[in-house]
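Trainee: I would like to go through the domains and salt bridges of this protein. Please show the model before we start.

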Amino acid sequence: MSNCGCTTEQKPAEVSVSGRDRDGIINPMYDCQPAGAQYAGIGIKDCIPLVHGGQGCTMFVRLLFAQHFKENFDVASTSLHEDSAVFGGAGRVEEGVLVLARRYPELRVIPIITTCSTEVIGDDIEGTIRIIKKALKAEFPEREIYLAPVHTPSFKGSHVTGYDECVKSVFQTIATKKTKPTGKLNVFPGWVNPGDVVLLKDYFKAMGVDATIFMDTENFDSPMLPSKAIETQGNTTVEDIADSANAIGSLALARYEGASTAKYLNESFEVPDYLVNTPYGIKNTDDMLRKISEVTGKEIPESLVRERGIALDALADLAHMFFANKKVAIFGHPDLVLGLAQFCMEIELEPCLLLIGDDQGRKYKKDPRIEELKNTAHFDMEIIHNADLWELEKRINAGLKLDLIMGHSKGRYVAIEANIPMVRVGFPTFDRAGLYRKPTIGYKGAMELAETIANTLFAHMEYTRNKEWILNTW
């Protein structure tokens, strides 16, 4: 303040984008490329991914899936040993594919997912696939099993890039020709939970749009039926993938998780592709629905206008009174982190630290969402790519004051140690019940996420006895 009582001019907000400032990773927040490729594979019906690598490359990833969804998934391994490092492991791939084909008569798709060891060895996966196809034709002349080569070395990228790579490879393997137009809309939502897929299906149904969601994970929230049938599998079929070449367009909701496949369909079959921001929050959901309406010619129904109004009312009840100027750190997938940052800005939270965990720094610097955050932030913001959870812990220890942390369950110990409330969102979340069932995108997701944030803050206020009396007057 000046002597006359006038407020001095504030310095403009600074938004910086940088990479991790050291070589080693401490407390990683991302998993490897093969993990993401396996997640994409299990989203396909009658598909078992075959991971070409050591047993642990499958075992620990299946454990993550089981922790997150509380379900088991079929993933196979070539289970390499020391001799493969010398003589190569291509024979294990052929043996693995034939064992799967013999054991599972309904099997139709096998993504062959490489790992760091097999990429270093230099196994010729495409050449091996050509040999295996001949063996399959000889033993199973009436069956067609699609073999998709998925190159996912673990020493670069992350499970986000692995997911994107597997989706693209599977489509390149199956969607190979244009036939009769289907009138359907391809939708690539990215790495989302079953609750998000259900919400998207409700939106398309309400608008009267015939859409196919890739990869459809709705049944990862598996029912327990009287027949004892197991339905824990993806709903995306071979026919869905083949027909993607005949769609009226492709809508990608995640820039880094599926958008490359939409681009492939455009370049190969002239299927128009549309990229929108992942629909976290009100504005991004508005933009998504407007784009769907523009592409399909369908009107946005009154039911969704009403759902939007309910969400707005819920957010207005919380934003200024409880969220204003509270500092938030967010970590996880780039589409998740940047989308949540936009959502936080809508409800008056201040996302001052954004941590993205892989090495695509050049791509992130060109992301229009970062430019938008730079233009709208009225507070300092630091965006770090190729980050780990030590970056979060280091800044807290250096004096960064945070009111909230948002991210997956692997950051829980940082939050506990610093006594900062944390909202679980992203993958994997295994220390809170049923989160995979709840949407985080769309109007309903915005409302539920905001209420989760509020209730987390309320519980922390009570636990620490910090102005908890405010809740008596709300």
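What follows is a short exchange on a domain interface and on charged pairs.

Mentor: This is a predicted model, in which local features need pLDDT of at least 70, side-chain atom pairs count only at pLDDT 80 or more, and totals for chains, interfaces and linings use all residues. Residues are numbered from 1 along each chain as its sequence is written, and side-chain values use heavy atoms, with hydrogens and water left out.

Trainee: How much area do domain 2 and domain 3 bury between them?

Mentor: The bounds, from an automatic or database domain assignment, are 33–157 for domain 2 and 185–296 for domain 3. Counting contact as heavy atoms within 4.5 Å, 17 residues of domain 2 touch 18 residues of domain 3. Buried area is the accessible area (1.4 Å probe) that two parts lose on being put together, summed over both. Carbon and sulfur atoms carry 63% of it here, and the total is about 1400 Å².

Trainee: Which residues of domain 2 lose the most area to domain 3?

Mentor: Together they account for 37% of what the domain 2 side buries, and they are Y39, G43 and K45.

Trainee: How many salt bridges does the rule find across the interface of domain 2 and domain 3?

Mentor: The rule asks for a side-chain nitrogen of Lys or Arg within 4 Å of a carboxyl oxygen of Asp or Glu. Across this interface the number found is one.

Trainee: Is K394 buried or exposed, given its salt bridge with D21?

Mentor: The two side chains meet at 3.6 Å, N to O. K394 sits in helix α16 (residues 389–397) and D21 in the loop between β1 (15–19) and α1, 373 residues apart (helices are DSSP runs of H or I, at least four residues, and strands of E, at least two, numbered from the N terminus). Buried means under 20% relative accessible area and exposed over 50%, with partly exposed in between (1.4 Å probe, protein chains only). D21, at 61%, counts as exposed, whereas K394, at 26%, counts as partly exposed.

Trainee: Which residues are linked with D21 and K394 in a network of salt bridges?

Mentor: The pair D21 and K394 is part of a wider set of charged side chains. The other members of the network are R22, E382, D388, E391 and R395.

Trainee: What is the relative accessible area of D431, which pairs with R412?

Mentor: Their salt bridge has an N to O distance of 2.8 Å. D431 lies in the loop between β14 (422–424) and α18 (442–464) and R412 in helix α17 (residues 412–418), so the pair joins parts 19 residues apart in sequence. R412 is partly exposed at 22%, while D431 is buried at 18%.
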